[in-house]
Amino acid sequence: MIKNHHPGEMAELKVRSGQNVREQELGRVEQDLGEYSEKGRVSFENIGKSYKTVRGQIPIISGITADLEAGTFTSILGPSGCGKSTLLNLVAGLDHPTEGVLRVHGRPSRGIPDSVGFVFQEPALYPWRTALENVVMPLEGRIPKAELRDRGLQQLDRVGLLACRDRRPHELSGGMKQRVMLARVFLTRPAVLLLDEPFGALDALTREAMQASLLDLWICDRPTVIFVTHAVDEAVYLSQRVIVLSHNPARVATDTVIDEDYPRNQTFRFCQRFSDWCKNLHSYLAPSFERENVG
Ligand SMILES: Nc1ncnc2c1ncn2[C@@H]1O[C@H](COP(=O)(O)OP(=O)(O)O)[C@@H](O)[C@H]1O
Ligand SMILES: [Mg+2]
């Protein structure tokens, strides 16, 4: 049976595969904790966001409360225009809530927080730079050149693009460009990783390959991922937890732990439980459609 768990149950969610890799890598992450006691934790406390328009103050997001523990993978699922990007922008410090308290790394967020990476739907690569030169950009001038190159090559290798290091963006497919974007964002090992429909423009098979790559990267580095999508199957496949947003304004329609073996393997896509999860979440996305067709 599919249950919609209370978010507190996240603490009990076990990563059942890849345990050894994860533990080795976690040791490395813990050395970087620095000044933050709750690095990677993101909490929304009654968050609201409204915009002033000619029609007055329009609420986009209302009363969102969720606590995302460090190192977890959560998807935000919602219809187009409901406020998903707005929510990510708040976490990234690109915009500010009009109500509530947003904490990043356990601290009330002011300005742009440290150690937060962002990947958008459209790859933002400089056309005159090679893949490697695009990947190393965030650390350019901050670490010695030889180390920068080594780290860039290492990241390209992780996304399977080592052989393409000297190609420019016009010589790369859409999927390859997004791989370069992933390599670039993982270069700095962000504690929080925001992805805004990153695979939305890709064909179905490329998307599946990208999803597998993203999970591989996540297993090793364990950032707190907030993955925005409007695709139910993508959310179910990728996430430990899915928060479905309603529309006008965006509220939490359901906050569901996908209590299945994690990270997934490809066979999960084809089992009945996968379809059941998709159907369950879809009913929150389009309640009127479900009522008409089921009732
Ligand atoms: N600066 C703004 N001023 C007024 N309305 C905005 C502004 N930014 C976004 N919106 C509105 O907020 C809503 C949510 O937008 P967005 O977060 O981009 O949705 P999604 O990412 O879910 O498709 C949309 O109706 C959009 O028009
Ligand atoms: Mg959006």
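Which residues surround ligand 1? The legends below address this question and further views of the predicted model.

**View 1. The surroundings of ligand 1 in the predicted model.** Ligand 1 is surrounded by Tyr51, Thr53, Ile60, Gly78, Ser80, Gly81, Cys82, Gly83, Lys84, Ser85 and Thr86. Two or more residues of this shell come from each of the elements β1 (42-53) and α2 (84-92). The largest contribution is that of α2, with 3 residues. By residue class, the shell around ligand 1 comprises 3 nonpolar, 7 polar and 1 charged.

**View 2. The open sheet of 4 strands and the helix α2.** The strands are arranged in the order β2-β1-β4-β5, and their pairing is antiparallel. Because β2 (56-68) and β5 (107-108) each have a single partner strand, they stand at the edges, and one side of each is left without a neighbour in the sheet. Between β1 and β4 (residues 99-104), which run antiparallel, there are 5 bridges. Within this pairing, valine 42 is placed opposite valine 104 of β4. Helix α2 lies across β1, β2 and β4, and runs at about 115° to β1.

**View 3. The enclosed strand β8 and its parallel partners.** Strand β8 (residues 224-229) is largely enclosed by the rest of the structure, because 6 of its 6 residues are buried. In a regular strand, side chains alternate between the two faces of the sheet. In β8, Thr224, Ile226 and Val228 point one way, whereas Val225, Phe227 and Thr229 point the other way. Strand β3 (residues 73-77) pairs with β8 in the parallel sense over 5 bridges, and isoleucine 76 has valine 228 as its bridge partner in β8. Strand β7 likewise pairs with β8 in the parallel sense, over 5 bridges; here leucine 194 has isoleucine 226 as its bridge partner in β8.

**View 4. Helix α5 and the elements that cover it.** Helix α5 (residues 174-187) has 14 residues, which at 1.5 Å a residue should span 20 Å; the end C-alpha atoms are 20 Å apart, so the expected and computed values agree. The helix is mostly covered, with 11 of its 14 residues buried. Among the buried residues are Lys177, Arg179 and Arg184, together with Val180, Met181, Leu182, Val185, Phe186 and Leu187. The cover over the buried residues of α5 includes β6 (116-119), α3 (131-135), α4 (145-158), β7 (192-196) and α6 (204-221). After α5 comes arginine 189, whose phi is positive, near 45°.

Methods:
Residues numbered from 1 in each chain as written. Chains lettered and ligands numbered in written order. Predicted model: local features only at pLDDT ≥ 70, side-chain atom pairs only at ≥ 80, totals over all residues. Expected span 1.5 Å × (residues − 1). Buried ≥ 20, exposed ≤ 12 C-beta atoms within 10 Å, placed from the backbone. Contact = placed C-beta atoms within 7 Å. Near = placed C-beta within 6 Å. Nonpolar A, V, L, I, M, F, W, Y, C, P; charged D, E, K, R; others polar. Pairing = 2+ DSSP bridges. Axes fitted to C-alpha atoms, helices over the stretch in contact; angles between N-to-C directions.
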